Amino acid sequence: MTKRSQIPKRWLIVVILTLGAAIFAITPYVPLDSSYSRVTISTSFTLHYPLLLTHIFSSFIALVIGWLQFLPTLRKTRPHIHRIIGRIYLSLVAIGGITGIVVGMYTDSYIRQMSFLTLVLLWLYTGWKGYTTARNRNFNAHRKWMIRNYAVTLVAATARLVTPICILIYLVANQTEPFTSVEAVLKHVLEVNIWVGLVVNIVISEWLFISPSKNTHNH
Ligand code: HEM
């Protein structure tokens, strides 16, 4: 263990914000009681709630342990731990992604369904590329694919963090419409927040590659 900071300080705020948003998101599911679910549970598909829980907890653990992979000290001094966490992370992404496709089919909005499908495809593809590049010992490419993959994981947090901004923009841009209810505003906002989160995270992750001073580490 060196005295060098594990995560650059500017990233600590990002870690805290994303973990906070993720913990806030999963809280109603911790009692394992479908009556607390924010997602409307299908009465005709008995596996809906168990699959939603599987999705939520596997994706949440992936999001939490994913940060560990970016610790330079861990990668350098304990590469076997980096490999073990990496395998667990990618397995959780596969479980979270596949269950995400199924629960996504029960979302009542086509726009949200398409956002989930896009996320799953990007999640599984970047995860697969991250795995195969590591197996081929192409660590430069591995680093890039895993940053892309984790950027998709973090959409779950970013989408929630941008929601207040989306609400504000909606209210400013639609001042002429009479305000009916918070639910009516949220209905519009929740159609777009995942897309906004995805675009923001893709831009940030690609910017990390082209801005040498912003590189997080070398393998
Ligand atoms: C990145 C790929 C992901 C995809 C494609 C995805 C997909 C989905 C889908 C389809 C739903 C059901 C939404 C609905 O029916 O309205 C859902 C709900 C949920 N997911 Fe994910 N998810 C992903 C990542 C994550 C991550 C990383 C977390 C970690 C916290 C997470 C936590 C949740 C939670 C808490 C819910 C319940 C939503 C609510 O209460 O409003 N998901 N997800």
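Which residues are buried in α4? Let me start there. This is a predicted model, by the way, so keep that in mind as I go through it. In α4, the buried ones are Gly-86, Tyr-89, Leu-92, Val-93, Gly-96, Gly-97, Thr-99, Gly-100 and Val-103. And what do they pack against? The partners are α2, α5 and α6.

As for the helix itself, α4 runs over residues 79-104. It has 26 residues, and from first C-alpha to last it reaches 36 Å, close to the 38 Å you'd expect at 1.5 Å a residue.

Okay, the pairing with α2. The two helices, α2 and α4, pack with their axes 8 Å apart and at an angle of about 145°. Their crossing is left-handed. On the α2 side, the contact is made by His-48, Leu-51, Leu-52, Thr-54, His-55, Ser-58, Ser-59, Ile-61, Ala-62, Ile-65 and Gly-66. Coming from α4 you have, among them, Tyr-89, Leu-92, Val-93, Gly-96, Thr-99, Gly-100 and Val-103. If you were listening a minute ago, you'll recognise those names from the buried list of α4. Sorted by class, the α2 contact with α4 comes to 13 nonpolar and 9 polar residues, with no charged ones.

Now over to α5, residues 110-135. This helix also has its length written down: 26 residues, reaching 37 Å between its end C-alphas, close to an expected 38 Å at 1.5 Å a residue. Which of its residues are buried? In α5 they are Ser-115, Leu-119, Trp-123, Leu-124, Thr-126, Gly-127, Gly-130 and Ala-134. The cover over those buried residues includes α4, α6, α7 and α9.

One α5 residue I'd like to pull out is Tyr-131. Why does Tyr-131 count as partly exposed? Because Tyr-131 has 19 other C-beta atoms within 10 Å, and buried would take 20 or more. The C-alpha of Tyr-131 sits 8.6 Å from that of Gly-86, and the two are 45 residues apart along the chain. Gly-86, remember, is one of the buried residues in α4.

Just past the end of α5 comes Arg-137, with a positive phi, near 55°. Arg-137 isn't a glycine, and you'll find it in the loop between α5 and α6. Arg-137 counts as exposed because it has 8 C-beta neighbours inside 10 Å. There's another residue to put beside that: Leu-32, in the loop between α1 and α2. Leu-32 has a phi near 55°, again a positive value in a residue other than glycine. And Leu-32 is exposed too, since it has 10 C-beta neighbours inside 10 Å.

On the other side of the Arg-137 loop is α6. This helix covers residues 139-153, so to speak a 15-residue piece, reaching 20 Å from first C-alpha to last, close to the 21 Å expected at 1.5 Å a residue. How many of its residues are buried? The count is 11 of 15, and α6 is mostly covered. The buried set in α6 includes Trp-145, Met-146, Ile-147, Tyr-150, Ala-151 and Val-152, and also Arg-143 and Arg-148. Covering them you have, among others, α2, α4, α5, α7 and α9.

That takes us to the core. The largest nonpolar core has 30 residues, and those with the most contacts inside it are Leu-63, Leu-119, Leu-154, Val-155 and Ala-156. Who contributes? At least two residues come from each of α2, α4, α5, α6, α7 and α9. The largest share belongs to α6, with 6 residues. Take Leu-63 as one example: leaving out residues up to four places away in sequence, Leu-63 touches Ala-22, Thr-153, Leu-154 and Ala-156.

Last stop, Val-162, in the loop between α7 and α8. Is Val-162 buried or exposed? Buried, because Val-162 has 22 other C-beta atoms within 10 Å. Leaving out residues up to four places away in sequence, Val-162 touches Asn-193, Val-196, Gly-197 and Val-200. For a sense of distance, Val-162 and Ile-81 are 34 Å apart, C-alpha to C-alpha, and 81 residues apart in sequence.

That's it from me; happy to go back to any of these on the structure.

Technical notes
Residues numbered from 1 in each chain as written. Predicted model: local features only at pLDDT ≥ 70, side-chain atom pairs only at ≥ 80, totals over all residues. Helix = DSSP H or I, 4+ residues; strand = E, 2+ residues; numbered from the N terminus. Buried ≥ 20, exposed ≤ 12 C-beta atoms within 10 Å, placed from the backbone. Expected span 1.5 Å × (residues − 1). Contact = placed C-beta atoms within 7 Å. Axes fitted to C-alpha atoms, helices over the stretch in contact; angles between N-to-C directions. Left-handed = near helix turned anticlockwise from the far one by under 90°. Nonpolar A, V, L, I, M, F, W, Y, C, P; charged D, E, K, R; others polar. Core = buried A, V, L, I, M, F, W, Y, C linked by C-beta atoms within 7 Å.
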